[in-house]
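Me: Please examine the structure shown below with me. I should like the reasoning behind each label to be set out.

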Amino acid sequence: MENVNDLKPSDLGRPDGQLTKLDKLMDLPAPYDKPGMEPDFKEIKPAWQEKYCTTLDGFVGVDTLQRPKTKEEEDEFVRKFLSGLEKIFTDANNSSLQPLSLTFEYCAKCNTCSEACHIYEASGHNELYRPIFRSEVLRKIYKKYFTKSGKLLGGFVGADIDVNWETIARLGELAYRCNLCRRCAQTCPLGLDNSIMAREIRKIFSQEMGIAPTPLHNKGSVLQLKTGSSTGINKAAFLDNIEFMEEDIEERTGLKIKVPVDKKGADILLIHNAGEFVSWPENPAAFAILFERAGLNWTLSSSLIGYDSVNYGIWYDDTQAKKIVQEQQKAAQELGVTRIVIGECGHAHKAAALVGDRIVYGEDKVPVESFLPLLWDAVQKGAFKFDPSRNDFPVTLHDPCNVVRGMGIVEPQRNILKIIAPKFREMTPHGVYNYCCGGGSGFAIMNSLNFPDFRNKVSSRMKFKQILDAFADTAADPTILKYVCAPCSNCKGAIRDIFEHYEATTKFNIHYGGLVDLMVNALADLPRPFLTFDE
Amino acid sequence: MFLTLYSLLAIILFLAFSAYKAAEYAKMPMHGRLDLYPIPKEGGRLEYGGSYYEELEWWRKPRHVSHGAEIIDMLKEMLFIKKLFDNQRPLWWLSYAFHLGIYCLMGWTVLLTVLAVAGLNGVAVMGAGAGIILVLKILLGIAGVAGFLLALIGSATLLIRRMADGSLRRYTTPQEYFNLLLIFVVLCTGIYAWSLAPSFDRPLRVMEQALSLQPLVLSGAGVLHVVLLGIMFFYIPLSKMSHYVGKYFSFHKVLWDNSPNTPGSAIGKEVEKAAGYRPHTSWSAPHIKGNGATPGKTN
């Protein structure tokens with residue numbers, strides 16, 4: 001196995017075994033700075049090695065990428081990849097052509113982006129995870145097959161990589177070692193973005209080769225387009241959930257709230273990540289309480305995809321992303337609302353507000369808004385009476401990348417927290433320079449095989465470090481409750497898994513949750529706390 | 001006479017190829033939004049990276065776009081390579097020396113042109129000169145000497161750093177070494193040719209000869225320098241060294257383009273036009289034309 005510091009992009013074409021192994025990860029701060037505080041990586045099962053591509057770093061993220069049984073299958077795999085690679089520079093890929101071409105052509109290879117990457121940092125500076133590593137592999141393959149200079153001059157222009165099943169499969173896996181958080185792009189002196197290259201590789205695999213992680217595709221966007229939600233919740237189940245939520249609200253708070261569903265002519269269509277109904281039902285409940293208190297004219301939708309804001313397509317497949325955006329807009333148009341408000345889900349913010357902004361057009365296009373300015377406005381108007389002492393415990397804020405770095409929504413959530421959480425403290429860095437939770441771009445829901453190990457120990461490591469640093473004064477004291485406010489379902493999923501993996505809740509009383517949950521917890525007139533911190 | 005035409009052609013082709021490249025990027029189809037904050041034109045919100053999305057019902061409010069803040073940020077990046085300064089200081093010293101040297105040489109070329117045109121129109125520009133000519137000659141001397149030295153030191157140290165630092169070396173292709181080496185050799189031959197007749201009037205006279213379409217009177221080293229300089233001018237726009245073109249698009253048309261598609265807006269019309277486009281190439285995965293699952297095996 002190559003020394004991590006000697007690995008170079010052309011090594012992806014090496015026929016032999018696993019390219020690198022993670023052994024020296026970034027240190028964690030106290031109380032995780034002692035031996036034995038962190039579970040080790042699980043060993044790879046021999047059966048996985050036979051079936052999947054484990055020869056990159058030993059992890060399997062793409063469970064549908066399976067070893068060929070015949071030479072013909074192997075050749076067809078390579079042929080399809082090359083066909084897709086050629087297409088990303090054609091009009092089939094118009095929506096990415098300019099940014100892709102710029103990053104493809106102009107990278108100065110100065111490595112300024114490396115230290116901005118939480119995965120590269122967390123891995124102990126393993127060469128494989130430098131943001132430009134996978135980009136350079138893609139350049140080499142493209143030059144070798146599709147440029148005159150590559151064909152004539154070969155290695156002189158960098159077209160020096162062997163292309164076989166192993167090369168392509170490793171590259172497919174490597175595309176899922178980037179959270180697409182775009183922090184690296186903030187540092188590039190040429191304004192280039194390596195996450196574009198990672199996403200383009202994912203697109204080639206999905207849109208040309210029909211290969212994508214099951215949780216993202218078959219059990220993600222495909223399921224959403226068929227049933228209405230990537231959780232598999234159909235309309236009837238959704239309506240049941242709402243009924244349950246109303247009962248739960250009454251039980252928790254004594255408030256009788258009739259949650260509006262399919263209310264024609266409402267001002268606002270609120271769309272949640274449907275995962276909230278399954279994993280954190282207190283979150284949509286808190287929204288209902290706050291929206292009712294604020295006197296908003298709002299509704300949920302029960303039409304197909306109208307009740308699930310997720311759009312996994314934005315991580316790996318433009319065509320799936322487009323279909324979902326259009327369905328969500330259709331749901332809003334049918335109800336005649338004047339705006340779509342996205343709840344606590346970062347990637348849904350990006351999908352509906354930014355991706356959709358270049359797909360839907362015309363007078364019928366329904367504007368999309370984040371819940372954050374809406375709630376901050378209601379707070380400013382005095383819609384809620386808060387008793388901040390109800391949140392008298394250390395609170396820190398995790399910034400979802402898509403909300404801050406991708407949309408520039410930075411202040412409203414802070415303004416609210418400063419009012420409702422007297423012990424609020426920032427992480428370092430924060431705001432638009434935040435670190436990803438490690439669950440971005442699908443990682444939070446990719447639980448096949450040993451991929452959760454990569455997420456919990458590597459991609460989420462920097463976030464865990466930030467959380468521990470933010471609570472440095474109390475982190476080791478289990479008698480003091482600590483709360484990580486993460487206003488995003490995927491981020492919450494990733495943070496939940498970190499806390500389970502490191503037993504941070506059971507050992508050190510560190511909890512996580514949304515922003516609206518914390519707001520309702522601070523409502524002065526509720527008979528008892530809204531949040532319960534069971535271990 | 002060949003060298004005169006060759007050097008003028010090199011400059012014309014440099015400009016033409018660069019313009020062509022810019023036009024190629026400019027006519028690329030509208031792409032999906034890739035806003036990356038902080039975005040300078042958000043003006044007052046730039047400091048913390050905020051945007052109009054922080055406003056309630058943003059689409060009903062007039063947008064405040066600060067072109068001044070955008071220009072200031074752009075100048076910081078163009079003149080000082082600020083992102084490299086902020087994020088990788090050791091490399092910045094080398095890269096900035098190199099780029100500052102090039103800027104000085106661009107200034108030197110402009111001053112040579114101005115003085116040569118003046119000289120061709122009867123103004124006494126040779127020798128020390130007086131008044132405005134004296135000022136221009138002093139600037140010419142500073143720009144020329146500083147330009148050659150800084151660019152030479154920058155290109156040499158960037159080349160050495162790239163060869164010596166394993167983390168850069170493993171990503172550098174032979175062509176990328178060649179790019180730096182070409183510039184270094186052009187600078188060396190220029191300095192050597194100039195050192196044979198170390199006068200500020202010497203390059204001015206050559207510029208006069210070129211602009212008046214007279215044969216260039218050069219030493220052997222001077223001829224070599226002009227030939228290599230011409231090759232460099234032909235080559236730069238065709239290589240990734242044309243990042244002076246790309247940088248504009250990557251910032252202004254990708255990362256900082258956060259104009260929303262509101263009804264009746266120019267963006268809205270572009271989106272409509274793009275939606276009506278039927279591509280000549282299409283993707284092949286089975287799910288592209290429907291909602292069905294892929295044939296990929298699942299567990």
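**Strands, rings and charges**

Reply: In this predicted model, A:Ile268 has A:Trp298 of β2(A) standing opposite. Strand β1 (residues 268–271) of chain A and β2(A) run parallel and are joined by two bridges.

Me: What makes β1 and β2(A) a pair of strands?

Reply: Pairing requires at least two bridges. Two bridges join β1 of chain A to β2(A), so the two strands count as paired. They belong to an open sheet of four strands in chain A, with the order β2-β1-β3-β4 and parallel pairing.

Me: Why do β2 and β4 of chain A stand at the edges?

Reply: β2 (298–299) and β4 (368–370) of chain A each have a single partner strand, so one side of each has no neighbour in the sheet. Helix α14 (residues 318–335) of chain A lies across β1, β2, β3 (339–342) and β4, and runs at about 145° to β1(A).

Me: How many aromatic pairs does a search of the whole structure find?

Reply: The search finds 54 over all chains. In one of them, the rings of A:Phe443 and A:Phe454 have centres 6.4 Å apart and planes at 70°. The centres lie within 6.5 Å and the angle is over 60 degrees, so this pair is edge-to-face.

Me: Which parts of chain A does the pair of A:Phe443 and A:Phe454 tie together?

Reply: A:Phe443 lies in the loop between β6 (424–425) and α19 (451–459), and A:Phe454 in helix α19, so the pair ties together parts eleven residues apart in sequence. Both A:Phe443 and A:Phe454 are buried.

Me: Why is the pair of B:Phe14 and B:Tyr244 called tilted?

Reply: Their ring centres are 5.9 Å apart and their planes stand at 40°. That angle is neither under 30 nor over 60 degrees, so the pair is tilted. B:Phe14 in helix α1 (residues 2–26) and B:Tyr244 in helix α10 (residues 243–255) of chain B are 230 residues apart.

Me: How do you know whether B:Phe14 and B:Tyr244 are buried or exposed?

Reply: B:Phe14 has a relative accessible area of 18%, which is under 20%, so B:Phe14 is buried. B:Tyr244, at 38%, falls between 20% and 50% and therefore counts as partly exposed.

Me: What makes A:Lys457 a charge over the ring of A:Phe41?

Reply: The charged end of A:Lys457 sits over that ring at 4.9 Å from its centre, and the cut-off is within 6 Å. A:Arg252 likewise lies over the face of A:Phe530, at 4.9 Å from the ring centre.

Methods. Residues numbered from 1 in each chain as written. Chains lettered and ligands numbered in written order. Predicted model: local features only at pLDDT ≥ 70, side-chain atom pairs only at ≥ 80, totals over all residues. Heavy atoms only, no water. Phe/Tyr/Trp six-rings, centres within 6.5 Å; stacked < 30°, edge-to-face > 60°. Buried < 20%, exposed > 50% of the residue type's maximum accessible area, 1.4 Å probe, protein only. Lys NZ or Arg CZ within 6 Å of the ring centre and 35° of its normal. Contact = heavy atoms within 4.5 Å. Axes fitted to C-alpha atoms, helices over the stretch in contact; angles between N-to-C directions.
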